[in-house]
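Student: I'm new to this one and would like a close look at a single part. Could you walk me through it slowly?

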Amino acid sequence: MQFFLDAFRWLLDPANYVAGGISPLPIQDRIGEHLWYTFVSVAIASMIALPLGLFIGHTGRGRQFVISFTGMMRALPTLGLLMALFLIIGATVPFTQAAFVASIIALVILAIPSILAGGYAGVESVDPQTVDAGRAMGMTEMQILLRIEIPLSLPLIISGIRAAVLQVIATAVIASYISLGGLGTVISSGIGLNDNERILGGAILVIALALVVDGFLALLQRLVTRRGSKEARPQNIDFRRRSFGSAAVAEEPVNERKRHVQSKK
Amino acid sequence: MSWLVDNFDLVARLTGNHAILSVIPIVLGFVIAVPLGWIANRSHSLRSWVIGGGSFLYTIPSLPLFVILPYILGTRITDERNIIVALTIYAVAMMVRTAADALAAVPADAVEASTSIGYSLWTRFWLVEFPLAGPVLLAGLRVVSASTIALVSVGAIIGSANLGYLFTNGKQRDFLEEILIGIGASFLIALVFDIAIVLLGRVLMPWNLRKSPASKSIRQNAVGVY
């Protein structure tokens with residue numbers, strides 16, 4: 001317990017927030033860097049993965065690719081990817097930028113699968129009847145995508161982005177070992193100096209940052225869900241409705257929908 | 001490739017340790033998550049506590065958790081038990097939601113039929129709910145297996161002797177081949193585990209060879225976003 005008190009004292013020490021401190025200080029700059037890396041890599045990954053995920057969800061083409069790709073990526077060790085990219089990029093880019101470029105590429109690669117899966121699962125979760133209704137009213141495929149499928153799948157799209165953001169925040173910590181800035185430097189310098197307050201303080205900061213950012217995205221997810229229909233709610237993908245009794249009635253329309261989705265491929 | 005030949009003993013030893021460090025959390029995670037998933041389906045408030053707790057734990061980044069655990073467990077920072085505990089936490093966090101969904105998706109009439117012929121809660125779970133939830137649980141287990149094996153290597157930063165050592169060492173020596181061999185070996189473990197889990201599923205659930213479309217779509221949803 002004493003360790004934790006010391007760590008919190010370290011976190012609350014105003015001296016650690018004075019501008020122009022040495023290496024991992026001041027803390028607020030490291031938090032800013034961490035958020036910046038996260039934002040840049042998730043933004044780039046979204047630009048690549050969202051259109052692709054939406055396309056796959058809309059056309060139903062390439063779903064097997066998404067499933068096996070996300071599965072493969074899950075087994076990729078992040079530390080290995082970071083270090084390998086650092087050496088490969090370091091051979092071509094000047095040393096000062098190598099860490100940044102290599103880290104961002106690694107973070108983008110790691111963020112893509114969740115965002116891709118979110119976009120694809122989101123569009124696929126939209127009730128085909130709703131899509132058919134739009135088509136019957138004379139909407140073009142583009143209009144269907146923009147006005148029906150994307151709004152209805154926003155909760156799942158955001159849940160994919162949430163997963164990606166968490167992955168990126170966690171991996172950016174490790175990237176301090178290829179001399180990227182951010183909160184990881186607090187922990188790694190703490191390990192180097194054998195300074196417990198710093199290790200623990202840094203770890204608490206990262207966890208707090210992850211929880212705050214994730215909480216914010218969860219709120220955003222709830223906001224867009226309230227506007228959208230119930231169908232696209234992530235909760236509806238898990239199978240609550242059995243729980244107590246009246247299952248047989250509730251089951252029907254959902255199975256109908258699932259069968260339709262299945263036959264689409 | 002000559003590096004691999006010369007250092008084959010090292011790579012083999014690291015691979016073995018890596019596999020051990022992964023298999024314990026995978027098994028423990030499954031054993032803990034399934035009962036928790038069952039409990040989660042008892043009521044709505046329990047469900048939100050269990051599932052919410054799972055996603056909260058999953059939010060914690062790995063390296064900070066590795067370095068915090070020694071202070072909580074009273075272990076030394078280089079102790080491998082920290083890694084096992086941390087990875088078990090992640091395995092439970094990932095698995096508990098799948099377990100709850102899998103058990104909730106067991107057809108209600110099957111459960112009710114078994115209750116009406118007098119099965120106790122305990123026999124009903126083992127003879128009806130658990131086997132019927134099996135395919136989805138298996139899919140969840142495959143996800144947990146792959147991500148656990150990938151995460152173990154982060155432990156090398158705090159001195160664990162697993163394949164992650166090839167990453168940190170290769171980076172220090174500016175030696176790409178060593179890193180790539182580490183990644184390859186890690187993939188190999190993941191592949192072997194995945195095949196083992198699938199085969200285990202076939203042996204334990206021979207009735208599942210002809211997959212029903214409904215269970216397939218549930219499985220895909222279980223693997224969907226993460």
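Student: How many residues of chain A are in contact with chain B, and how many residues of chain B do they touch? I'd like to hear about that interface in detail.

Tutor: Happy to, and keep in mind that this is a predicted model. On the chain A side, 54 residues are in contact with 58 residues of chain B. A common way to put a size on an interface is the accessible area lost when the parts come together. Here, chain A and chain B bury about 4800 Å² between them, and 73% of that is on carbon and sulfur atoms.

So what about charges and polar atoms? Between chain A and chain B the count of salt bridges is zero. The rule does find two residue pairs in polar contact across the interface, both at pLDDT 80 or more.

Now for the parts of chain A that do the touching. Eight stretches each give two or more residues to the side facing chain B: α1 (2-12), α3 (63-74), α4 (78-90), α5 (95-125), α7 (141-174), α8 (184-193), α9 (196-227) and α10 (247-264) of chain A. Of these, α9(A) gives the most, with 10 residues. Sorted by kind, the residues on this side of chain A come out as 37 nonpolar, nine polar and eight charged.

To sum up, picture a chain A side with 37 nonpolar residues, to which α9(A) gives the most, and zero salt bridges to chain B.

Notes. Residues are numbered from 1 along each chain as its sequence is written. Chains are lettered from A and ligands numbered from 1 in the order in which they are written. This is a predicted model: local features need pLDDT of at least 70, side-chain atom pairs count only at pLDDT 80 or more; totals for chains, interfaces and linings use all residues. Side-chain values use heavy atoms; hydrogens and water are left out. Contact means heavy atoms within 4.5 Å. Buried area is the accessible area (1.4 Å probe) that two parts lose on being put together, summed over both. A salt bridge is a side-chain nitrogen of Lys or Arg within 4 Å of a carboxyl oxygen of Asp or Glu. A polar contact is a pair of N or O atoms within 3.5 Å; within protein, one must be able to donate a hydrogen and the other to accept it, and residues adjacent in sequence count only if both atoms are side-chain atoms. Helices (H or I, at least four residues) and strands (E, at least two) are DSSP runs, numbered from the N terminus. Ala, Val, Leu, Ile, Met, Phe, Trp, Tyr, Cys and Pro count as nonpolar, Asp, Glu, Lys and Arg as charged, and the others, Gly among them, as polar.
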